[in-house]
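I opened my notebook to write down, step by step, what I looked up in this structure. Please keep the sequence and the picture at hand while reading the entries.

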2 protein chains.
Amino acid sequence: MSSKRKQLAIQDYVDGIKANDRTILARAITLIESHANGHLEEAQKVLTEILPFAGESIRVGITGVPGAGKSTLIETLGLHLIEKGHRVAVLAVDPSSSVTGGSILGDKTRMEKLAQNENSFIRPSPSSGALGGVARKTRETILLFEAAGYDIILVETIGVGQSEITVRSMVDCFILLQIAGGGDELQGLKRGVVEIADMIYITKADGDNLQRAEAAKKDFAAAVHYLTSATEGWRTVVATCSSLTGAGIDSVWKNVEDFQRAAQKNGIFSTRRNQQAKDWVHSIVSEYLGDSFRKNPKVLRVLEKLEADVVEGKLPATSAARKLIEAFES
Amino acid sequence: MSSKRKQLAIQDYVDGIKANDRTILARAITLIESHANGHLEEAQKVLTEILPFAGESIRVGITGVPGAGKSTLIETLGLHLIEKGHRVAVLAVDPSSSVTGGSILGDKTRMEKLAQNENSFIRPSPSSGALGGVARKTRETILLFEAAGYDIILVETIGVGQSEITVRSMVDCFILLQIAGGGDELQGLKRGVVEIADMIYITKADGDNLQRAEAAKKDFAAAVHYLTSATEGWRTVVATCSSLTGAGIDSVWKNVEDFQRAAQKNGIFSTRRNQQAKDWVHSIVSEYLGDSFRKNPKVLRVLEKLEADVVEGKLPATSAARKLIEAFES
């Protein structure tokens with residue numbers, strides 16, 4: 001590739017995306033991820049143009065601790081789906097990547113066959129810091145992929161902070177991958193994740209591990225029995241699979257399709273997408289408001305002292321809050 | 001009581017509260033709950049004065065669906081604690097009370113013996129609408145009770161919206177009461193509640209119900225096995241009790257004391273209280289910011305149209321958010 005790349009006009013981006021020109025698609029994603037001056041404006045213009053062509057896909061979130069077999073499952077599943085005529089985009093949300101200096105998710109070298117397939121597109125996590133920023137970029141990238149004709153969007157994430165909740169808020173269906181261990185190893189599953197999952201798959205259910213996987217499946221089934229399901233009208237699936245033997249892999253997608261059918265039938269599918277879109281607007285606004293508050297020099301001048309006074313029992317919280325608001329509005 | 005009550009000066013409130021004058025305590029709570037002009041100012045002055053005398057208590061949240069036996073347990077437990085020399089305040093957080101036209105929680109008629117005891121004070125939920133407001137009032141009322149020498153604060157709530165999360169954010173220890181039913185009746189436990197509980201008590205473990213309660217206990221124990229405990233260093237307790245036979249009631253408080261000892265030893269107790277105080281300040285601020293945004297006439301003029309455009313795919317969410325922020329700041 002030449003280092004002097006031709007400037008693209010908005011229409012070049014739009015045409016290129018709609019024609020699934022991989023180079024232009026990649027540049028459009030880069031534009032969305034860019035912090036450079038004027039790029040936000042330009043990216044929003046591209047998005048406005050491609051929006052009418054976006055939305056025609058199923059968006060599936062996949063989470064699990066490192067070692068749960070996310071990459072392996074995604075590769076196996078992705079190739080299987082492409083064989084059936086689908087086009088598959090894989091994105092990642094990894095807010096830790098700015099700390100570790102590089103994304104550990106959506107790593108192409110870990111999904112080599114899928115990465116080389118022309119009907120797939122793998123995009124690692126945007127490396128910028130805050131989860132809010134990563135989320136915006138990922139959401140907008142999903143729209144680009146859809147406009148380019150990818151009908152299956154897989155969003156990979158990992159249990160860091162709020163990242164699962166964030167991914168849940170941008171997908172239709174959410175899958176938790178879990179490895180079976182010996183009893184206590186299973187402890188410490190992050191709170192909240194089981195509850196937002198539409199499916200829980202115990203991975204690596206093969207060989208020596210098969211029995212433990214089946215036991216874990218039973219335990220998880222008992223656990224979800226006590227929770228409202230994540231999606232109205234859909235009973236959380238608990239099952240096992242193995243990317244090694246292929247057992248259960250078919251069932252993953254069969255379940256996603258069943259889920260989609262059920263959610264479309266009872267209207268949850270579109271209701272959720274509409275709600276997600278509105279929530280997204282409001283989360284950008286509230287992030288902005290919070291940011292401008294936290295960065296306000298007048299607030300910063302008094303914040304630490306006021307917080308300390310509250311903690312030490314010198315000042316009621318409501319009074320401290322009022323002083324902060326006065327500082328902000330002065 | 002005379003309808004013409006003597007005006008109280010700040011110092012009258014402070015002295016009365018510290019002397020545990022029940023009439024003045026009740027009037028101070030009414031002051032905190034008041035929406036009248038100038039009352040917020042006055043309440044904050046009273047709070048500032050009594051703050052140095054607050055904090056010496058254990059704050060325990062108790063939740064459960066209607067019928068789980070909250071009132072009965074609180075009465076039995078409260079009388080038991082008073083017998084042991086404690087002073088017990090019972091508060092309620094019920095954001096639904098403004099809808100139902102009256103609080104169903106902290107109802108004195110359901111805790112008749114406890115209500116008549118001079119070492120207890122039962123206060124129903126503030127009836128004002130929004131959860132944020134109810135939460136502020138309840139938090140501030142806790143401080144009044146502590147300054148009046150109540151060393152045990154029980155905060156009762158019910159699974160409505162975010163109320164359990166709100167109560168969790170103002171107490172040291174959180175107990176979920178659950179009734180055993182036949183299999184499917186147990187389904188639909190609100191998501192998230194199991195995960196914020198330090199103890200789960202299966203109530204009404206007596207007579208015909210004993211076996212079902214034991215079975216439910218086993219199932220819950222299996223479920224919590226998969227979750228990080230709500231408090232670092234404390235393994236969520238799952239147990240049964242019966243207010244009818246008294247079985248297990250002793251263990252409730254024994255567990256709370258064990259919890260307190262453990263949390264004080266590893267520092268979580270004070271760390272959590274400090275964090276709660278800081279979070280409280282910021283939640284007031286962010287509620288205020290969100291409110292002033294939502295009520296801004298310039299925002300209101302464009303909000304509905306922008307939301308519709310986003311939902312219909314005519315406008316990217318980021319663009320809509322920017323337009324809203326521009327309207328707000330114009």
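**How the two copies meet**

I began with the interface and noted that 98% of the interface residues of chain A are also interface residues in chain B, so the copies meet through the same surface. I should say at once that the model is predicted, and that I read every entry below with that in mind. I then looked up how the chains are related, and found that a turn of 180 degrees with a shift of 0.0 Å along the axis lays chain A on chain B with an RMSD of 0.0 Å. The two copies are therefore related as by a two-fold rotation axis. Which residue of chain A comes closest to the rotation axis? I found that it is A223(A), whose C-alpha lies 2.1 Å from the axis.

**Two strands and a helix in chain A**

A right-handed β-α-β unit is made by β6(A), helix α10 (residues 210–224) of chain A and β7(A). I noted that strand β6 (residues 199–203) of chain A pairs with β7(A) in the parallel sense, over 4 bridges, and that I202(A) has T240(A) as its bridge partner in β7(A). In strand β7 (residues 237–240) of chain A, V237(A) and A239(A) point one way while V238(A) and T240(A) point the other way, and all are buried.

**A threonine in helix α7**

I next looked up T141(A), which sits in helix α7 (residues 131–147) of chain A. Is T141(A) buried or exposed? I counted T141(A) as buried, because its relative accessible area is 2%, which is under the 20% cut-off. A polar atom of its side chain lies 2.6 Å from the backbone oxygen of K137(A), and, leaving aside residues up to four places away in sequence, T141(A) touches I29(A), I32(A) and L91(A).

**Salt bridges**

Over all chains, the structure holds 26 salt bridges. In chain A, I picked out the one between the side chains of D198(A) and R168(A), at 2.9 Å from N to O. This pair links distant parts of the chain, 30 residues apart, with D198(A) in the loop between α9 and β6 and R168(A) in helix α8 (residues 163–168); both residues are buried.

In chain B, I looked up E146(B) and R59(B), which form a salt bridge with their closest N and O atoms 2.7 Å apart. Here E146(B) belongs to helix α7 and R59(B) to strand β1 (residues 58–63) of chain B, 87 residues apart. I noted that E146(B) is buried at 3% relative accessible area, and that R59(B), at 12% relative accessibility, also counts as buried.

Terms used. Residues are numbered from 1 along each chain as its sequence is written. Chains are lettered from A and ligands numbered from 1 in the order in which they are written. This is a predicted model: local features need pLDDT of at least 70, side-chain atom pairs count only at pLDDT 80 or more; totals for chains, interfaces and linings use all residues. Side-chain values use heavy atoms; hydrogens and water are left out. Buried means under 20% relative accessible area, exposed over 50%, partly exposed in between (1.4 Å probe, protein chains only). A polar contact is a pair of N or O atoms within 3.5 Å; within protein, one must be able to donate a hydrogen and the other to accept it, and residues adjacent in sequence count only if both atoms are side-chain atoms. Contact means heavy atoms within 4.5 Å. Copies are superposed by least squares on the C-alpha atoms of residues with pLDDT of at least 70 in both. Two strands pair if DSSP finds at least two bridges between them. A crossover is right-handed if, with the strands pointing away from the viewer, the path from the first strand over the helix to the second runs clockwise. A salt bridge is a side-chain nitrogen of Lys or Arg within 4 Å of a carboxyl oxygen of Asp or Glu.
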